Amino acid sequence: MVGNTPVLWITEPLTATTGPTGRGFWAKLEGANPGGMKDRPALHMVERAAARGELLPGAPIIESTSGTLGSGLALAGMVHHHPVTLVTDPGLEPLMHHMLAAYGARVDVVTEPHPIGGWQQARRDRVAELLSRDPRAWCPDQYHNPDNRDAYETLALELVAQLGRVDILVCSVGTGGHSAGISRILRRYFPHLRLVGVDTVASAIFGLPAGQRLMRGLGSSIHPDNVDYPAFDEIHWVAPAEAVWACRRLAATHYASGGWSVGAVTLVAGWLARTSGPDERIAAVFPDGPLRYFDTVYSDEYCREHGLLGIDPPSEPAHIGHPADAVVESWTRCTTVVDPRGAHHTTTPVEPAL
């Protein structure tokens, strides 16, 4: 049920305005997994921890999630016979809350954001509290667990088999797992690969100040260790209204879509298809499908309430020379990628080509 997801060719009107026609990019449809892309790391992290003896038979699994990893952990718990507790926040869609409970997970909702780290840190603090109550309990810690990155080897190899060559890879960035894991493997085959990261405005991952965020599934108020900063060639920040526009245009023209991450990635990948060389092959990862977003991205009432309708995004991003140059509020590109944690932090280096 997990893996071997299809790719879809995405073209006009998302990849061409007044420019050359026939341009496009390949979308890896991870929404074809039963719970989305994070089924892969959920299963892999559980299996690797069990193999190392860190996760004992029948021991509880406790983790923070905004939804998609939670679904994967519910699956992993079901398959490997572990009770699962998922710590989330009030932003979790009601549909996801109900489905996670239906899958047998216990859903624990924090009620107040952390004053600095927001809902994300509040969830992590609650996880630590629950772990302290049970010495057998285990937390995957998706933000810092290298098994999260390693889980995406299968996805990368599928892209190699499906596309033959990848010149540009476009990934949303939240925990940093799939951008790091996929690019590391692809660069064994294609050393010239360009990695383009897509983040949300008000995210601290690439050096902007953290703020209240509407989009879920990408962005962070903390700095996950799994983000491989040296691997990125450029980063784009996208605003919620721009992602909604792309999601809805994608659904209306290609009968495929997803949530916030998919919309943001589509906007950036479409621009790259218009502006890159005609022979460059672009792959974009779509982490999930549209189902959990019926009450947000695809709800006119929700989008009107948050001012997300009737806004056409610009045909190209604004550009800044350094993340410290501006606090961006709409689609913006930067080719200077810095690790905001400082020089004393290191990330796993990219492996050399074979």
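A residue counts as buried when its relative accessible area is under 20%. The exercises below apply this cut-off, among others, to a predicted model.

**Exercise 1.** Determine whether S299 is buried or exposed, and state which residues it touches.

*Solution.*
Step 1. Locate the residue: S299 belongs to the loop between β9 (282-286) and α10 (300-305).
Step 2. Compare its value with the cut-off: the relative accessibility of S299 is 16%, so the residue counts as buried.
Step 3. List the contacts: when residues up to four places away in sequence are not counted, S299 touches R248 and F294.

**Exercise 2.** Carry out the corresponding analysis for A27.

*Solution.*
Step 1. A27 is part of strand β2 (residues 25-29).
Step 2. Its relative accessible area is 0%, and A27 is therefore buried.
Step 3. With neighbours within four places in sequence left aside, A27 is in contact with P6, V7, L8, I10, A284 and F286.

**Exercise 3.** Describe the sheet that contains β3, β4 and β5, and explain why β3 and β5 each have one side without a neighbour.

*Solution.*
Step 1. Recall the general principle: strands of a sheet pair through backbone hydrogen bonds, either parallel or antiparallel.
Step 2. Establish the order: this open sheet has three strands, arranged β3-β4-β5, and the pairing is parallel.
Step 3. Consider the edges: β3 (61-64) and β5 (106-109) each have a single partner strand, so one side of each lacks a neighbour in the sheet.
Step 4. Add the twist: on average, neighbouring strands of this sheet are turned by 20° against each other, direction ignored.
Step 5. Examine one pair: β3 and β4 (residues 84-88) run parallel and are joined by four bridges. S64 has V87 in β4 as its bridge partner.
Step 6. Place the helix: α2 (residues 68-80) packs on the sheet and touches β3 and β4, and its direction makes about 170° with that of β4.

**Exercise 4.** Characterise helix α9 and its packing against α8.

*Solution.*
Step 1. Check the length: α9 (residues 260-275) has 16 residues and reaches 23 Å from its first C-alpha to its last, close to the expected 22 Å.
Step 2. Assess burial: 15 of the 16 residues of α9 are buried, so the helix is largely enclosed by the rest of the structure.
Step 3. Find the crossing: the axes of α8 (residues 240-254) and α9 come within 7 Å and cross at roughly 85°.
Step 4. Classify the angle: values of 65 to 115 degrees count as roughly perpendicular, and α8 and α9 are therefore roughly perpendicular to each other.
Step 5. Inspect the contact: residues of α8 including W245 and L250 meet residues of α9, among them W260 and L267. The residues of this contact divide into 11 nonpolar, two polar and one charged.

Technical notes: Residues numbered from 1 in each chain as written. Predicted model: local features only at pLDDT ≥ 70, side-chain atom pairs only at ≥ 80, totals over all residues. Heavy atoms only, no water. Pairing = 2+ DSSP bridges. Helix = DSSP H or I, 4+ residues; strand = E, 2+ residues; numbered from the N terminus. Axes fitted to C-alpha atoms, helices over the stretch in contact; angles between N-to-C directions. Contact = heavy atoms within 4.5 Å. Expected span 1.5 Å × (residues − 1). Buried < 20%, exposed > 50% of the residue type's maximum accessible area, 1.4 Å probe, protein only. Parallel < 35°, antiparallel > 145°, perpendicular 65-115°, else oblique. Nonpolar A, V, L, I, M, F, W, Y, C, P; charged D, E, K, R; others polar.
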